[in-house]
Structure formats: C-alpha cells, structure tokens
Amino acid sequence: TPFNERKCQICNTLEDEYHFVIECTIYNELRQKYIATKYWRRPNMFKFFYIINSENKLVIRNLRTFVLNAFKLRSEILFGGN
C-alpha cells in the first residue's frame with residue numbers, strides 16, 4: 001500500500017510507525033504499561049527516534065512487548081481475534 005494511502009482503521013488517519021507506537025488511542029493502555037511516560041506524554045519525532053533506535057535492552061524489550069501486544073489487540077478489534 002502506498003504510504004499516503006495507509007489509513008489507521010481505528011483513527012482514520014495516516015498510519016505510520018509513529019502513529020502506531022506513539023499516537024493511536026487504541027493502544028493507550030499498552031503504551032502506558034510498556035513505554036516510559038516521557039516518550040508519549042509530549043511526543044515528538046526525536047523521542048520516537050530514541051525509542052526505535054535505542055540500544056538500551058529494557059527499552060528494546062518493552063518496545064517489542066508493546067508491538068506484539070498491540071498487534072494482538074489490533075487483530076482482536078479488526079478481525080475478531082482470528
């Protein structure tokens with residue numbers, strides 16, 4: 001799908017990695033659990049780049065867990081968990 005046509009089926013806005021990790025409201029609980037508040041409370045691209053480029057093992061592990069759980073939640077919402 002071309003970048004400008006990637007729409008979040010939850011928010012109906014452009015769905016890119018930043019939106020998925022930082023903005024999409026459906027993942028707020030997961031974000032609060034796995035991503036430090038300082039990255040999503042007042043988000044910006046610098047903070048996002050830190051998260052995705054981090055070499056800190058805890059940040060990497062938490063981001064991995066966030067993404068896995070977010071995809072599970074997304075599947076449940078959009079496809080009934082199938």
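**A first look at this predicted model**

Q: What's the relative accessible area of Phe49?
A: Phe49 has a relative accessible area of 41%, so it is partly exposed. Buried means under 20%, exposed means over 50%, and partly exposed is in between (1.4 Å probe, protein chains only).

Q: Which helix is Phe49 in?
A: Phe49 sits in helix α4. Helices are DSSP runs (H or I, at least four residues), numbered from the N terminus.

Q: What should I know about the model itself?
A: This is a predicted model, where local features need pLDDT of at least 70 and side-chain atom pairs count only at pLDDT 80 or more, while totals for chains, interfaces and linings use all residues. Numbering runs from 1 along each chain as its sequence is written, and side-chain values use heavy atoms, with hydrogens and water left out.

Q: OK, salt bridges. How many in the whole structure?
A: A search of the whole structure turns up 2. A salt bridge here is a side-chain nitrogen of Lys or Arg within 4 Å of a carboxyl oxygen of Asp or Glu.

Q: What does Glu15 pair with?
A: Arg74 is the partner of Glu15, and their side chains meet at 2.9 Å, N to O. Glu15 is in the segment before α1 and Arg74 is in helix α5, so this salt bridge ties together parts 59 residues apart in sequence.

Q: Is Glu15 buried or exposed?
A: Glu15 is buried, because its relative accessible area is 14%. Arg74 is partly exposed, with 22%.

Q: And which residue meets Arg6 in a salt bridge?
A: That's Glu17, at 3.7 Å, N to O. The two come from distant parts of the chain, 11 residues apart. Arg6 belongs to the segment before α1, and Glu17 to helix α1.

Q: What are the relative accessibility values there?
A: Arg6 has a relative accessible area of 26%, so it is partly exposed. Glu17 also counts as partly exposed, at 48%.

Q: New topic. Which residues line the largest pocket?
A: Arg6, Glu15, Glu17 and Arg74 are among them, the residues of both salt bridges. The lining also includes Asp16, Phe20, Val21, Phe48, Ile52, Leu63, Val67 and Phe71. A pocket is an open set of points on a 1 Å grid over the protein atoms alone, where a 1.4 Å probe fits, with protein on both sides within 12 Å along at least five of seven lines; lining residues have an atom within 4 Å of a point.

Q: Which elements give two or more residues to that lining?
A: Three helices do: α1 (17-23), α4 (45-53) and α5 (57-79). The largest share comes from α5, with 4 residues.

Q: Tell me about Leu68. Which helix?
A: Leu68 is in helix α5. At 52% relative accessibility, Leu68 counts as exposed. Leu58 is 10 residues from Leu68 along the chain, and their C-alpha atoms are 15 Å apart.

Q: Where does Asn44 lie?
A: Asn44 lies in the loop between α3 (37-40) and α4. Asn44 is partly exposed, with a relative accessible area of 29%. From Asn44 to Ile22 is 8.9 Å in space, C-alpha to C-alpha, though they are 22 residues apart in sequence.

Q: One more. What is the phi of Asn12?
A: Asn12 has a positive phi, about 60°, although it is not a glycine. Asn12 is in the segment before α1. With 59% relative accessibility, Asn12 counts as exposed.
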